[in-house]
Amino acid sequence: MKLLPFDYAIRNLGRSPKRLLLVIGGSALVCTLVLGSVAFSRGMETAMTASGLATNAFVVGSGSEESVERSEIPPSTGSILAASVDGLAMLAGQPAVSSEIHTAMPVSLVDAVSAEDAPPVLVRGFEPMAFAVHPQVRLREGRWPARGSDEVAAGPEALAKVPGSALGSHVAIAGVPFEIVGVFEAPGTVMHGEFWMRLDRLAQLTQRTTYSCVIAALGTAEIGDVDAFTSSRLDLESIAMTEHAYFAQLAEFFAPIRLLVLVTAILISSGGVLGGVNAMYAAFASRVREVGTLQALGFSRFAIAASLIVESTVACVSGSLVACVIGLALLDGVAIRFSMGSFGLAVDPSSLLAALLAGVLLGLLGAIPAIVRCLTLPIPSALRS
Amino acid sequence: MLTAFLFALTLALSEPPAATPPSIPAAVFIEAMPKDAKSASWVKKNTKQGDTVVFEAKIGGRAEPFVKNRASFMVADRALKSCDEIEGDTCGKPWDYCCESAESKKANMLMVQIVDASGKLLKCDANGVHGLAPLAVIVVEGVVASVDDKGNCTVDAKKIWVKPAAKKS
Amino acid sequence: MNDGNAFIRCSKLTKVYHKGDQEIVPLRDLDLEIERGSFVSLMGPSGSGKTTLLNLIAGIDSVTSGSLWIGDNNLAAMSRNQLAAWRAHEVGIIFQSYNLVPVLTAYENVELPLLLHSMTRRERAQRVEAALATVLLSDRADHFPRQLSGGQEQRVAIARAIVAEPPLLLADEPTGDLDRESATMVLDLLSELNRVHGRTIVMVTHDPAAAHRAQIALHLDKGQLLRATSAGGAH
């Protein structure tokens, strides 16, 4: 099969700079949205992965495997687990077992005008052993809340969710003022966007007699040991999995949302698609006679279609390269906050590749209407046009 | 000298012998059904740690009755109806006894485990071994490892008879 | 198989178009023979079927019925792809509006048909340079069509038509858009290609002066051959 020279396709791009800009612009818009939605998905996935350690056992109430916030287990679960499973990691002579409450609550500044509209933020009740099972967490400023006190520590993204809040300011959680006595960070994890208060205070505040979960650092024990323990303890009505598995499952649970974001991006970008395809169609349609001439010279329809596709694809991929630059410069790391915490858009190789593939796909699909128009016309009609 | 060198080289290059993965000893599974089997709920109510017991039960009680990588699984008293025994039920995991109340499940279920000579739980899957599967009816001969008044009970199985699948009821 | 001696042989050649419900028959039962190496002009009023006949001979339009042999090839029996391959090797076409590709230089335009042949870049270069020399445009090789006059563009188009050395040249009103001086130059070139290089040329024209360059003028009307006259062109 003899093809037209690559130069022919490339030089054709320069015939109408305005049309070329339209095509590149349309493609850039579409690819930026695709890149953004994949970066959203990847960011969420990365945060979920980083938030859960494979070396931690995660014990929640059976039936609440998909949401720790709904989970309820007896407060004694942690101590029974610590006493029953051999080989758990130890800290200061104690098994590294952290009992926690996770709950989303509206948080606003104490003197905020409309506390009713306060966004829900995840508040975690913790005991000092939490630091043994969450090594990602580091105190940046201030100190950790004291037991029984009306004090909280906050992750940077949690502060961002409550405008005006900072170290030393007071926030209202469920109507009760709490002083922010510390700022901690846990970059790349959902904890980066949480408020932490002492477990007893949060249990009192929420009037709970149960905890949400127990997290244990496995040490030389295996998840099977913890699983066997929770299975044999019918009274605790709990199940065990690795913390990593919990968050992986959570990431699965959010898959429809991620898909929705992608579909929405595609729908929004359909304007860009139509604009780009239309410009490409107009560019090709003005060359019907030229295409007829090439056919008359003996070039096959396949060779001409291939050249048109190359031309369209080069233009659209240029748009996707623009999208990649925009993504790296403006989107990478942008924080997305939701009730569970927060995560940053991840403009990683996957999202860049998705943008490039979107460009290639756009180029291929965008050329089809023009190819149909140019190549279905009989050669004599094409030569007359 | 050369022979010694080659021998040493062979030793150095040869892979260390792989550790045999733990498995449930075949002797645990018996062909003849033990007689005078009690029910699982009877075991929970009438035994103490160290008692030898023989009881009949059905594997199930939750969505994943087998503990992964451990020779341990949950069984239910045969008096309880698994979802497949309920007419018209289309439950995807009929062994989870989802139609039973939590209290009823707590009173009628116990854990069966297979331990090694030192009393440690075997680190291998029991699911699929010698006919062990969700909803399989079994008769266990073993020793009560733990039992309490909170509804927990674990039996170390010494012998297990698995009812042939075709005759499962 | 073509059993006659003629290079181009039509027998009961008919072409029918459909435009909505309307049936248009630009050629009806045309019988015609053209000898190898001849220079023939097709003349006739608009709608007489001369361009349709040229398109059929060029293999860019399909025969409705009858037969059309060119050399040993029965064009009426060939598929679209076979016709494309045949065109690449057997026919050079010269259009009234030159139809050069605007983004390619004169050299690249002339080189286009050679891309359909298996030859090295050096062989292509030799052929292109020779073709441009034939049309006296060696010094315009790097020019784009927009940088050439109409006459020069048509000479580049002629170079493109002859570069693959096809035995048959077809020209559709080749001087229609040219001034007298350029038209003369183009017609001189065609005469030379016929006389010196032995190419068979079929040219559609309205211009009696152009037709005079051919050896035979075929007059068509209403899709049928009205008469064949000997023109002034010398062999």
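How many salt bridges does a search of the whole structure find over all chains? The answer is 30. Keep in mind that this is a predicted model. The exercises below start at one interface and then turn to individual pairs.

**Exercise 1. Describe the contact between chain A and chain C.**

Step 1: begin with the residues. Chain A contributes 20 of them and chain C contributes 25.

Step 2: turn to area. The two chains bury about 2,000 Å² between them, and 63% of this lies on carbon and sulfur atoms. On the side of chain A, the residues that lose the most area to chain C are A:K2, A:R11 and A:L297, which together make up 29% of what that side buries.

Step 3: look at polar pairing. The interface holds six residue pairs in polar contact.

Step 4: place the chain A side on its elements. Helix 1 (6–13), helix 11 (288–297) and helix 14 (379–384) of chain A each give two or more residues. Helix 11 supplies the largest share, seven residues.

Step 5: sort that side by class. You should arrive at 10 nonpolar, four polar and six charged residues.

**Exercise 2. Find the salt bridge across this interface and explain what it joins.**

Step 1: count. There is one salt bridge between chain A and chain C.

Step 2: name the partners. C:E108 pairs with A:R11, with the closest N and O atoms 2.5 Å apart.

Step 3: locate them. Because C:E108 sits in helix 3 (residues 106–111) of chain C and A:R11 in helix 1 of chain A, the pair joins two chains.

Step 4: check exposure. A:R11 has 25% relative accessibility, so it counts as partly exposed.

**Exercise 3. Work out what the salt bridge of B:E56 and B:R78 ties together.**

Step 1: take the distance. The closest N and O atoms are 3.2 Å apart.

Step 2: locate both ends. B:E56 belongs to strand 2 (residues 52–59) of chain B, while B:R78 lies in the loop between strand 3 (72–76) and helix 3 (102–108), so the pair ties together parts that are 22 residues apart in sequence.

Step 3: classify each end. B:E56 is partly exposed at 25% relative accessible area, and B:R78 is partly exposed at 27%.

**Exercise 4. Classify the partners C:D139 and C:R140, then name a network.**

Step 1: the side chains of C:D139 and C:R140 meet in a salt bridge, 3.0 Å from N to O.

Step 2: C:D139 has 52% relative accessibility and counts as exposed, whereas C:R140, at 26%, is partly exposed.

Step 3: elsewhere, salt bridges with shared partners link A:R42, A:E45, A:R258 and A:D348 into one network.

Notes: Residues are numbered from 1 along each chain as its sequence is written. Chains are lettered from A and ligands numbered from 1 in the order in which they are written. This is a predicted model: local features need pLDDT of at least 70, side-chain atom pairs count only at pLDDT 80 or more; totals for chains, interfaces and linings use all residues. Side-chain values use heavy atoms; hydrogens and water are left out. Contact means heavy atoms within 4.5 Å. Buried area is the accessible area (1.4 Å probe) that two parts lose on being put together, summed over both. A salt bridge is a side-chain nitrogen of Lys or Arg within 4 Å of a carboxyl oxygen of Asp or Glu. A polar contact is a pair of N or O atoms within 3.5 Å; within protein, one must be able to donate a hydrogen and the other to accept it, and residues adjacent in sequence count only if both atoms are side-chain atoms. Helices (H or I, at least four residues) and strands (E, at least two) are DSSP runs, numbered from the N terminus. Ala, Val, Leu, Ile, Met, Phe, Trp, Tyr, Cys and Pro count as nonpolar, Asp, Glu, Lys and Arg as charged, and the others, Gly among them, as polar. Buried means under 20% relative accessible area, exposed over 50%, partly exposed in between (1.4 Å probe, protein chains only).
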